[in-house]
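Here are my notes on this one, point by point. Have the model open as you go through them.

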Amino acid sequence: MSENFLPGRPPWLGQPGTPPQFAPHHFPPDRAAEPIAETPAPEPLVSSNVVTLKNFYPLPIDELPVELPVDKPDSFKFTDHQLVEGKLLVDFRYNAWVYSFDKNGNRQSSAAKVFVGMAMFDPESKLWTVVALPESFTEPVSFSSRQSVLWRGDLYSSHTGKIRKYDFTKKIWELAGFSVEGGSFYNLNGRLFIADYNSIQEITENGRGTKLLASIQRQPPVTSLDSQGALMHLALFVDAQKNLCAAVHNKIFRWDGNDWHEISSAATSFTPEVFEAGVIFLTDGFNVRPARISRFEMQSNLVELWLSQTDQVPGRRGYEPGRVDANTAPKPLWKLPSELSLPNFSAAVWQSDLYLMADHSEKQDIVAEERGTRPDGTLEISHVVTGAKFISKDGYNTSLFCFSQDLPAAHKVRLNFEGGDGCPPHVWH
Amino acid sequence: MVAPPMCGIESKPGFTIPGTVANRPWMQFTTNLLLCGQDAVPPNYKPGIWVAALDSIASEVNVLKQIQAHIRQQEKAKVEQIEKESQTRDQQARQAFLKKYDRNHNGHIDADEEDDARDDPYYIKYRLAEIHAPKEARPK
């Protein structure tokens, strides 16, 4: 006998996606009565002074093993950044031409190659240390995040698929002692983890052994993460009690030594950003609606909705996790000032405050005149864009928005980046 | 895919598909510094990072926090003042109402006093206050 169900989604399929769970905010008493969602965002308070930033530290590109091409200096890109063991570690790549010559010194061939390296910036001494990989790559090259790490003072790289360690004394790369294929590194309180879409492993025995904490290829599954599919947008971090946690599958799991236990959930469109004061989850408003910034709080293990872009671009049909009635929808802790547009924002957390940086400059193309000769011998003059300048508007080129836990309005600090060689932060399409 | 840019687009509502921007500015906080960088720079600039002492930024933020806290305190005081004045006015109206209709001066409008009081504009307010009053404060 067949069972009759009400029209709609069959009950055995459950609800599509995982509805985000947000902790109700415990607003301070004088904020509790404020109907946040119904009123416009309070105007940000603007600093009376413009803070001028003059300290720009250029990467010593003359230390690169293969010279950055003079004709294409814009081929250089930073591909990742992280704060680890007190240093800022950045990964970079650049394209350069590699030539081969015959025994008589005549150029035989040339090829465009990609070179990869890492640079460490010491915030105390303000000095850079640049280390490049010896080999080059051929386009297309796709690198994931966290492919380098500092662990116990040593530099590791997984860019080539094998994990290698750099010997700063001999200035050579050597294979690391542990047999793990490439992946993303996480140095969490001195413990080293390597993860990719398939697995999470911890490096043990002083770098000689490994412990498998999750594997989607393992049959039968051993931990709860083994059977939930590819580990997309994975971020590992430790909570306030130094427990290992994983943000993946729009959820947050805690490792108890044997298994992963779901402790919270938060929708995300990207790999969450981990800061000392919390983990930031962003939805882009395009694939997952609405665009939001949420924070996982390490002490309470709760997810707070911080900002939400309610006015969506018409026609976008992104996935809406757990559509809920507007009256019962979680209220964001702050309202987004009308001058900001959320989807392309990222966020940084410092001392429980949310910081957003916004471009306030005007782009001016630098145009050069190029002269050539047409086939008929006449002069041809064309104009080529060779660069761009970013000019301050109203005396500043960047706004830093600070959202403070106990205050409803954002604070806007006007910054002006003034360095001869440095480009002010901006979005460049 | 790592997180989208740290630097949003001010005064430029609209939509850019995350990940399609060629440049992603970012910022990192240490205990005393703000480090800013971006993935790519135009060819006329050098790649590198900006370093700012957090003191200079924090002092601006703290001033703004104090201003906002002060504004909120003033608003709160204003609301409290309005409430206090309203209470005083209500108290005076109640006293005048009772003086007029509470013939036996027991502090309540009794059944035999109600006929006269019913037409007074304050009567409904008086009754509502009685309904919402704690049980022990209501007339026996």
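**Notes on the two-chain sheet and a few other spots**

1. Start where the chains meet: F56(A) has W50(B), in strand 4 of chain B, as its bridge partner. Keep in mind that this is a predicted model. The pair belongs to an antiparallel match between strand 2 of chain A and strand 4 (residues 48-53) of chain B, joined by three bridges.

2. Now zoom out to the whole sheet. Four strands make it up, in the order 2(A)-4(B)-3(B)-2(B), with antiparallel pairing, and the sheet is open. Which strands stand at the edges? They are strand 2 (56-58) of chain A and strand 2 (25-29) of chain B; each has a single partner strand, so one side of each lacks a neighbour in the sheet. From one strand to the next, the twist averages 25°.

3. Have a look at what packs on that sheet. Helix 1 (residues 54-101) of chain B lies across strand 2, strand 3 (33-38) and strand 4 of chain B. Relative to strand 4 of chain B, helix 1 of chain B runs at about 55°.

4. Staying in chain B, helix 3 (residues 123-132) is worth a turn of the view. Its buried residues are Y123(B), Y126(B) and E130(B). Looking down the axis of helix 3 of chain B, these fall within an arc of 65°, so they line one face of the helix. That fits the usual geometry: an α-helix has 3.6 residues a turn, so residues three or four places apart point the same way. The cover over the buried residues of helix 3 of chain B includes helix 1 and helix 2 (111-117) of chain B. On the face turned away from the buried side sit the exposed residues I124(B), I131(B) and H132(B).

5. Back in chain A, check the hairpin made by strand 13 and strand 14, with four residues between them. Strand 13 (residues 199-204) and strand 14 (residues 209-215) of chain A pair antiparallel over six bridges, and Q201(A) stands opposite L212(A). In the turn, E205(A) has a positive phi of about 45°.

6. Last stop is S157(A), in strand 8 (residues 154-157) of chain A. Is S157(A) buried or exposed? Its relative accessibility is 0%, so S157(A) counts as buried. The side chain of S157(A) makes a polar contact of 3.0 Å with that of H159(A). Beyond its neighbours within four places in sequence, S157(A) is in contact with several residues, including M118(A), L133(A), W173(A) and F185(A). Also among them are Q147(A), S148(A), K162(A), I163(A) and R164(A).

How values were computed
Residues are numbered from 1 along each chain as its sequence is written. Chains are lettered from A and ligands numbered from 1 in the order in which they are written. This is a predicted model: local features need pLDDT of at least 70, side-chain atom pairs count only at pLDDT 80 or more; totals for chains, interfaces and linings use all residues. Side-chain values use heavy atoms; hydrogens and water are left out. Buried means under 20% relative accessible area, exposed over 50%, partly exposed in between (1.4 Å probe, protein chains only). A polar contact is a pair of N or O atoms within 3.5 Å; within protein, one must be able to donate a hydrogen and the other to accept it, and residues adjacent in sequence count only if both atoms are side-chain atoms. Contact means heavy atoms within 4.5 Å. Two strands pair if DSSP finds at least two bridges between them. Axes are lines fitted to C-alpha atoms, for helices over the stretch in contact, and angles run from 0 to 180 degrees between N-to-C directions. The arc is that of the directions from the helix axis to the C-beta atoms.
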